[in-house]
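Me: Please take a close look at the charged side chains that pair with one another, and say how open to solvent the partners are. After that, connect the picture to the aromatic rings and to the contact between the chains, in one continuous account.

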Amino acid sequence: MIDYTIQQIINALSAGSLYALMAVGLAMVFGILRLINFAHGDLMMIAAYIAVFSLGAGLSVAAALPLIVLGTVIVGLLMERVAYRPIRGAPDVAMLLTSFAVGQILQNGTLLVTRLAGKPTLIAFPSPDILNGVVNIGTLTIPKVNIASFFAGVILLGLLSLFVTRTTLGLSMRAAAEDLPAARLMGIKVDRVVATAFAIGAGLAAVAGFLYAVQAGQINPYMGFTPVLKAFIAAVIGGFGSIAGAVLGGYVLGFLEVLVTALAGIGDLLPAGSVPPEVKSFLQQWLPSGLASWRDAVVFVVLILVLLVRPQGILGRRSREDEL
Amino acid sequence: MLELADIHVRYGNIRALQGVSLRVDAGQLVALIGSNGAGKSTTLRTISGLLRPTQGTITFEGTDITSAAADRIVAMGISHCPEGRHIFGSLTVAENLRLGAVSRSDAPGIAADLAMVLDLFPILKERTGQAGGTLSGGEQQMLAIARALMSRPRLLLLDEPSLGLAPLMVERIFATIAALKAQGLTILLVEQNVHQALGVADRAYVVETGRVTLEGEADVLRQDPKVEQSYLGIGGVAL
């Protein structure tokens, strides 16, 4: 039972890390521009495709990873420069629709490239050996990719935290998110801050996309949609626009999903005699193993509850400073 | 030093400024007075590049800055301390001050100016690690002025620095403004406290519905019957 619990906690931390890595990218951009960038998920997809092509060309993970991150950051910066900068300050709906358009262009562009390269729409992901298989610690069996996801999350989010608290550019980013006109009066170069937010978000999405593809084992041009939706929920639960909130929301979401999956069928898992039979049958009736397939529904119910009780999210501020 | 010539600004269909012309000479303190919505804050926001005029030119030390970006205007030596203070509430006092100097790269100069503003407002020294949002209104105003000074401006735009402050704090803020002027800083001051503003200013402009309707030496304007009636009220109490 203890082993089972630890195993599930590790699963939750691993899933939470990926959600958090995605959610901070959404939160940084939203914080400054009020733009919900749904094309953020497609950056994950781009990263996965760069990974397929570079690993397929025989590169090692160590050689491919910088290429994956760099390529995705370039796409992220282009996205900002070409699509979002010209409509900065436009109504929120116009920016939201633009992000859907950007997503469509990236998905169909990728589809076109794979067709030209003579590949099918669904490609098996060539997971590198270093991330395949499991690690046995005592009686625990942990997939290597889960361990990698957890450490990627902790290390990268730790670095991000240092960046936004210690560097002038990081402070400028937080200032711009809190009060954009006042940030401009300080002489903060808003274009540079926005580009930095996109670049960092894309870099984190690249790592998340790579690990997500390893877990999924296959990729397609539409793979970014579910993760970006989950990341969006994570950011909203944590408090949209807040970086710390996005991280918290990511891990809350990870734990929530694993909790639902872990509790499903718990009655069958309990060894005979460990609990009274009435308890066992109660659990079997109310937490059947089929509940696992209701995971997303439970997550959305929690989202609705959070929005009802605390519309600004766990760490969110109620509203923006009055405009200057 | 600063010259606005026939500046027009629109907010959508609203014509906020309809031909404002004014001049601030080096070393002077010039006050903009007028009722709410007259266009005083809009004038400052236009100078600092947050708003774009549809017509007219702004010249700073001989350079046309009418269409310069806000960050360039700060780098050129104009600092704007906005109405409502606009402190970054989730950042510490030290971080707020650090961002005030974001346009500069001379580390020793920044350190010297930090010591200077902390000398000017010793209370901020005790609050450096505290989040800006936790300060009192008066402390936030001091932080806003200190932050604006961190860019080492040659021209300071001060918008309603006494708004919403207790009388004792108002006195302190005006004493600080006088001290900054005595150090040779050029200041363009927007104030609803007309009595105090004219007391400290060299020259003043009266702004009404987006136009300058009266201008002159502060001492002369204080005696002007129209100013007395509209803005000073009976017994010199500010509106």
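Reply: A residue counts as buried when its relative accessible area is under 20%, as exposed when that area is over 50%, and as partly exposed in between. With a relative accessible area of 40%, B:E61 therefore falls into the partly exposed class. The model examined here is a predicted one, and the values that follow were computed from it.

B:E61 is a convenient place to begin, since its side chain meets that of B:R154 in a salt bridge, with an N to O distance of 2.5 Å. B:E61 sits in the loop between β4 (55–60) and β5 (63–64) of chain B, whereas B:R154 belongs to the loop between α6 (137–149) and β7 (155–159) of chain B, so the bridge ties together parts that are 93 residues apart in sequence. For B:R154 the relative accessible area is 38%, so this arginine is likewise partly exposed.

The loop between α6 and β7 of chain B also holds B:R152, and this arginine is paired with B:D113 of helix α4 (residues 107–120) of chain B, so that parts 39 residues apart in sequence are tied together. In the salt bridge between B:D113 and B:R152, the closest N and O atoms are 3.0 Å apart. The partners fall into separate accessibility classes, because B:D113, at 7% relative accessibility, is buried, while B:R152, at 47%, is partly exposed.

A further bridge in chain B joins B:R23 to B:D25, again with 3.0 Å between the closest N and O atoms. Here B:R23 has a relative accessibility of 35% and counts as partly exposed, and B:D25, with a relative accessible area of 27%, is partly exposed too.

These pairs are among the 18 salt bridges that the structure holds over all chains. In chain A, A:E80, A:R85, A:R88 and A:D191 are linked into a network of such bridges.

Charge also meets an aromatic ring in chain B, where B:R147 lies over the face of B:F88 at 5.0 Å from the ring centre. As for rings paired with rings, a pair is counted if the centres lie within 6.5 Å, and planes over 60 degrees apart make it edge-to-face; on this basis there are seven aromatic pairs over all chains. One of them is formed by A:F232 and A:F240, whose ring centres are 5.4 Å apart and whose planes stand at 85 degrees, so the pair is edge-to-face. A:F240 is partly exposed, its relative accessible area being 21%. Ring pairs join A:F232 and A:F240 with A:F30, A:F38 and A:F100 into a cluster.

Turning to the contact between the chains, 23 residues of chain B and 23 residues of chain A take part. The area buried between chain B and chain A is about 2,100 Å², and carbon and sulfur atoms give 61% of that area. Zero salt bridges are found across this interface, although six residue pairs are in polar contact across it, each partner being at pLDDT 80 or more. On the side of chain B that touches chain A, the elements giving two or more residues are α2 (70–76) and α3 (93–100) of chain B, and α3(B) supplies the largest share, four residues.

Methods: Residues are numbered from 1 along each chain as its sequence is written. Chains are lettered from A and ligands numbered from 1 in the order in which they are written. This is a predicted model: local features need pLDDT of at least 70, side-chain atom pairs count only at pLDDT 80 or more; totals for chains, interfaces and linings use all residues. Side-chain values use heavy atoms; hydrogens and water are left out. Rings of Phe, Tyr and Trp (its six-membered ring) pair if their centres lie within 6.5 Å; planes under 30 degrees apart count as stacked, over 60 as edge-to-face and the rest as tilted. Buried means under 20% relative accessible area, exposed over 50%, partly exposed in between (1.4 Å probe, protein chains only). A charge sits over a ring if NZ of Lys or CZ of Arg is within 6 Å of the ring centre and within 35 degrees of the ring normal. Contact means heavy atoms within 4.5 Å. Buried area is the accessible area (1.4 Å probe) that two parts lose on being put together, summed over both. A salt bridge is a side-chain nitrogen of Lys or Arg within 4 Å of a carboxyl oxygen of Asp or Glu. A polar contact is a pair of N or O atoms within 3.5 Å; within protein, one must be able to donate a hydrogen and the other to accept it, and residues adjacent in sequence count only if both atoms are side-chain atoms.
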